[in-house]
Amino acid sequence: MNLKREIIHFAKKIGLDRVGFTTAEPFLKEKEILADRMARNLVSPFEEQDMELRWDPQKLLPGVKTIICFAMGYLMNPYDPMETSPDEIKGGPVGKISRYAKVKDYHFVLVKKLEEIVDFISKKEAGQFKIMVDTGSLMEKVAAQRAGLGWIGENTCLFTPELGSWVFLGEILTDIEIEPDTPMENRCDGCGRCIKACPTGALMAPFQINPHRCLSYITQIRGFIPEEFRKPLGNRIFGCDTCQEACPNNRNVEIPNHREFVPDIPLERDLKKLTKLSKQDFSKVFRDTAAGWRGRNVIRRNAVCAIGNSKDVNTIKLLESLTKDLSQTVREQALWSLKNHPCL
Ligand code: SF4
Ligand code: SF4
């Protein structure tokens, strides 16, 4: 078996669903697109701001010759089928959490697996390696497309044929030369369902997203939620899956059920409880997931906003008490939620 086959075999053995190889050629076409996005203020603060690090892999690992791209599916049964989860449970309204944030934080899971792969390769061939998992620098969706893992849809997500866009991506950069794969042809048919479904117009045009209008980004900012996004947020607590749910290419996909992604404690979705989340409970429940990285008061503020969008009359007293909360952001949000509560 040659090195490439051995890597693929080992990666699949440890639970990575797809593996592809591409060269470390700079992403010149994307460099232009990026420059245009920068000029129009369409780059989110969570992305790397040094543009050279994004389009030129040599800046990330001098001498790099190959980018090995990996995808791992994260859909879980039984609690995470494609059907939209209910907005209410016995006892009150519930919040919606993006599928990727409901499972165990993929950063830890993927980095650990890619470290195992680096160990595996190092035993066969000496080389330099750099692991990348959502660092915001390498253009990982573009690299994945070039490595034949899938295609980029009009909603700017990377889709794989078997798992749809419900995948986490990770890469290993290396100075070992490995034969590249052929990029996959684009299977997005331009139906426009994702653009139509987007509640805020964040998908401005095919393949163009304004991150500042994207509810996934809005649920993660600190401080006050800009007024125009409070109603469109609905009952979202963290992230937004709407444009992915709208895509026909995400129907009838495989549910990989990776055990690594099962969190120790299922996420709390009861909005009333979330508004009162203690430090201890926050760290117990959210510590393991990608929904926790912006802190407790971001989750509490989003829950207060979602309650203001609910039709539950029993939440009014709770909102009144939250107008005296220690957090200024929560207090301000509670005032808005009271003013805009459908039952008042
Ligand atoms: S994640 Fe939500 S808000 Fe963001 S582009 Fe998709 S549908 Fe629009
Ligand atoms: S919904 Fe249609 S246009 Fe959007 S990504 Fe899917 S196939 Fe492409």
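Q: How many disulfides does the structure hold, and what makes a pair of cysteines count as one?
A: Zero disulfides here. The label goes to a pair of cysteine sulfur atoms within 2.5 Å, and a disulfide is a covalent bond between the sulfur atoms of two cysteines. This is a predicted model, in which local features need pLDDT of at least 70, side-chain atom pairs count only at pLDDT 80 or more, and totals for chains, interfaces and linings use all residues. Residues are numbered from 1 along each chain as its sequence is written, chains are lettered from A and ligands numbered from 1 in the order in which they are written, and side-chain values use heavy atoms, with hydrogens and water left out.

Q: Which residues are around ligand 1, and what puts a residue on that list?
A: The list runs C198, P199, A202, L203, I209, C214, L215, C240, T242 and C243. To be on it, a residue needs one of its heavy atoms within 4 Å of the ligand.

Q: How do the residues of the ligand 1 shell divide into nonpolar, polar and charged?
A: Nine are nonpolar, one is polar and none is charged. If the cysteines make you raise an eyebrow, check the scheme: Ala, Val, Leu, Ile, Met, Phe, Trp, Tyr, Cys and Pro count as nonpolar, Asp, Glu, Lys and Arg as charged, and the others, Gly among them, as polar.

Q: Why is C214 called buried?
A: Its relative accessible area is 18%. Buried means under 20%, exposed over 50% and partly exposed in between, with a 1.4 Å probe and protein chains only, so C214 makes the cut. C243, also around ligand 1, is buried too at 18%.

Q: What about ligand 2: which residues come nearest, and where does its shell come from?
A: There are 13 residues around ligand 2, with C188, C191, G192, C194 and C247 coming nearest. Five of the shell are nonpolar, five polar and three charged. Domain 1 (3-174) and domain 2 (193-339) each supply at least three residues, where the bounds come from an automatic or database domain assignment.

Q: How many aromatic pairs are there, and why is F10 with F120 called stacked?
A: The structure holds 11 aromatic pairs. In the pair of F10 and F120, the ring centres are 4.3 Å apart and the planes are at 5°. Rings of Phe, Tyr and Trp (its six-membered ring) pair if their centres lie within 6.5 Å, and planes under 30 degrees apart count as stacked, over 60 as edge-to-face and the rest as tilted. Both values fit, so this pair is stacked.

Q: What does the F10 and F120 pair link?
A: Distant parts of the chain: F10 is in helix α1 (residues 3-13) and F120 in helix α5 (residues 106-124), 110 residues apart. Helices here are DSSP runs (H or I, at least four residues), strands are E runs of at least two, and both are numbered from the N terminus. F10 and F120 are both buried.

Q: How do you know that F282 and F286 are stacked as well?
A: Their centres are 5.4 Å apart with 20° between the planes. Both sit in helix α11 (residues 279-286), four residues apart, or about one turn of the helix. Each of F282 and F286 is buried.

Q: What makes K31 count as lying over the face of W55?
A: K31 is 4.2 Å from the ring centre. The rule asks for NZ of Lys or CZ of Arg within 6 Å of the ring centre and within 35 degrees of the ring normal. R99 lies over the face of W166 in the same sense, at 4.9 Å. W166 also belongs to one aromatic cluster with Y74, Y100, Y106, F168, F238 and F261.

Q: Why is F207 called partly exposed?
A: At 45% relative accessible area, F207 falls in the middle class, so partly exposed it is. F207 has a positive phi of about 70° although it is not a glycine, and its place is the loop between β10 (203-205) and β11 (208-209).

Q: Why does N250 count as buried?
A: Its relative accessibility is 0%, so the call is easy. N250 is in the loop between α9 (242-245) and α10 (271-275). N250 and W166 are 84 residues apart in sequence but 7.9 Å apart in space, C-alpha to C-alpha.
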